[in-house]
Amino acid sequence: MESTIRIERYADQGRCVGHIDGRVVFVRFALPGELVRVVLDEPHDREDRFWTGEVSEVLEASDDRVDPVWPLAGPLAMGGGVGGADLVHVSLPGQLEWKAASIAEQMKRLGHVDIEVPIERMPEDEAERGLHWRTRIEMIADDEGRPSMRRRGTHVRVPIDTMPLASRALLEVAEKEHVWDGGFTPGSQIRLAVPEPRDGAEIAGNYAVLVNGEVTSGDRELVEKVMVCGREFEYGVDSGGFWQMHRHAPIALTNHVMSLVRGELDGAASACLWDLYSGSGLFTLPLATLSAERVRMLSVEGGKTAVKHAQRNLRAIHMGNVDARTGDVAKTLANVRNDLSKPDVVVLDPPRAGARAKVCGQIAESGARAVVYIACDPASLARDTATLTRLGYALADIRAFDIYPSTHHVETVALFRKDVR
Ligand SMILES: C[S@@+](CC[C@H](N)C(=O)[O-])C[C@H]1O[C@@H](n2cnc3c(N)ncnc32)[C@H](O)[C@@H]1O
């Protein structure tokens, strides 16, 4: 079924909202104010609370609309449908406006705070028109063994011979390794991971092509270098594991987190810190060097390999002041050794679902004066904001980073202080 709709406002997951005969319709590839033709997703019937659909034709366009810079990721009816870039029809300033509005809306609705959130664009994203930022990509081999992406709502696999969101360094590796030529076992998962050569160094062997988790060329362990507050930190990371994807995300996030934590410690000669959901130690390493040897730290991460890397990365810079634990955060926090049980500041960077009530409760119980919360899902951050507020914390600072251009995703960093009123 197809219908003409006036789009009203932004909604979640890269969609906007309109109505058909009083029923809410969530529409992909739309913008507020537009008049559009929408193809409704099947199945839908009269009893559904809401419908979903996708723009097939734009009758009156928003000023924020642009021709998709990656048409294959655009609307299905316009030759797209492979996903991966759901704001590809929106100008870069329009994307920032969309993300700022979504964070403010979630924080109001679920977090019960009225705030405006400044969003920072990453260097070079404007010149690159929101493309070429991913240092990691994943694809599936189609029936003929070619890298492909699935066309939405179908079982059709579209073979691809480039990935416009991938960094230029990654595309160089893909060419060199003949990834686009195919030859993979049908159905296999192909992953490329290429650390950004920020210092102008050669990529050399510092990359990995993985097929079903096995390295087929390059190295299992990669080296990432990040300049934080004037010092370069080096991280050994697993090529199949988590690392912030945008070329500039590790730098932007770590520098901001460090400046917030430093501000909260206010020159204290010693401090206890927690780094929860710590991965390979992106924040742990620079945090451990704060106030020289007088910082005691606990870091907690569920991935065994990531923790091994974090421990090795800490040893390489001679930091013996971190107890880097492998385990579930909630379980590990239930039993923290005495000298680490009263953190001054807690840094946490949970997965999309957020920290949830239990971990927020454990943080509050620890008596931490401040909490620095890095969030990849504004709705989860907003829910945890409501919990932390109930537990006696107040939102003191919030800023967002557009580390996922051309998509609706956004990273938000919030600082909470224990309310001492
Ligand atoms: C968003 S990543 C952040 C990693 C790190 N801070 C960084 O920026 O590189 C979230 C991390 O949390 C870990 N994780 C997810 N759920 C967890 C849990 N319940 N307990 C411990 N770690 C968890 C994941 O393995 C992942 O490494």
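This briefing describes the ligand site and the enclosed cavities of the structure above. The model is a predicted one, and the space that the ligand takes in it is the largest pocket. Apart from that pocket, the structure holds two cavities of 30 Å³ or more.

**Ligand surroundings**

- The ligand is surrounded by 15 residues, of which Gln 244, Glu 301, Gly 302, Asp 328 and Asp 349 are the closest.
- Sorted by class, this shell is made up of seven nonpolar, five polar and three charged residues.

**Polar contacts and burial of the ligand**

- Gln 244 places a polar side-chain atom 2.8 Å from an oxygen atom of the ligand.
- Two residues approach ligand nitrogen through the backbone: an N or O atom of Val 329 lies 3.0 Å from a nitrogen atom of the ligand, and one of Tyr 277 lies 3.2 Å from a nitrogen atom of the ligand.
- The ligand taken alone exposes 600 Å², and the protein buries 81% of that area.

**Largest cavity**

- The largest cavity, with a volume of about 40 Å³, is lined by Leu 298, Asp 323, Arg 325, Thr 332, Asn 335, Val 336, Arg 337 and Leu 340.
- Its lining comprises three nonpolar, two polar and three charged residues.

**Second largest cavity**

- The second largest cavity holds about 30 Å³ of space, and its lining residues include Pro 350, Pro 351, Arg 352, Tyr 373, Cys 376 and Leu 381.
- The elements that give two or more residues to this lining are strand β20 (370-375) and helix α8 (378-390).
- By class, six nonpolar, two polar and two charged residues line the second largest cavity.

Methods:
Residues are numbered from 1 along each chain as its sequence is written. This is a predicted model: local features need pLDDT of at least 70, side-chain atom pairs count only at pLDDT 80 or more; totals for chains, interfaces and linings use all residues. Side-chain values use heavy atoms; hydrogens and water are left out. A residue is near a molecule or strand if one of its heavy atoms lies within 4 Å of it. A polar contact is a pair of N or O atoms within 3.5 Å; within protein, one must be able to donate a hydrogen and the other to accept it, and residues adjacent in sequence count only if both atoms are side-chain atoms. Accessible areas come from the Shrake-Rupley method with a 1.4 Å probe; for residues, only the protein chains shown count as cover. On a 1 Å grid over the protein atoms alone, a cavity is a set of points where a 1.4 Å probe fits but cannot get out, and a pocket is an open set with protein on both sides within 12 Å along at least five of seven lines; lining residues have an atom within 4 Å of a point. A molecule sits in a cavity or pocket if more than half of its atoms lie within 2 Å of its grid points. Ala, Val, Leu, Ile, Met, Phe, Trp, Tyr, Cys and Pro count as nonpolar, Asp, Glu, Lys and Arg as charged, and the others, Gly among them, as polar. Grid points are joined across faces, edges and corners, and a volume is the space filled by probe spheres set on the points. Helices (H or I, at least four residues) and strands (E, at least two) are DSSP runs, numbered from the N terminus.
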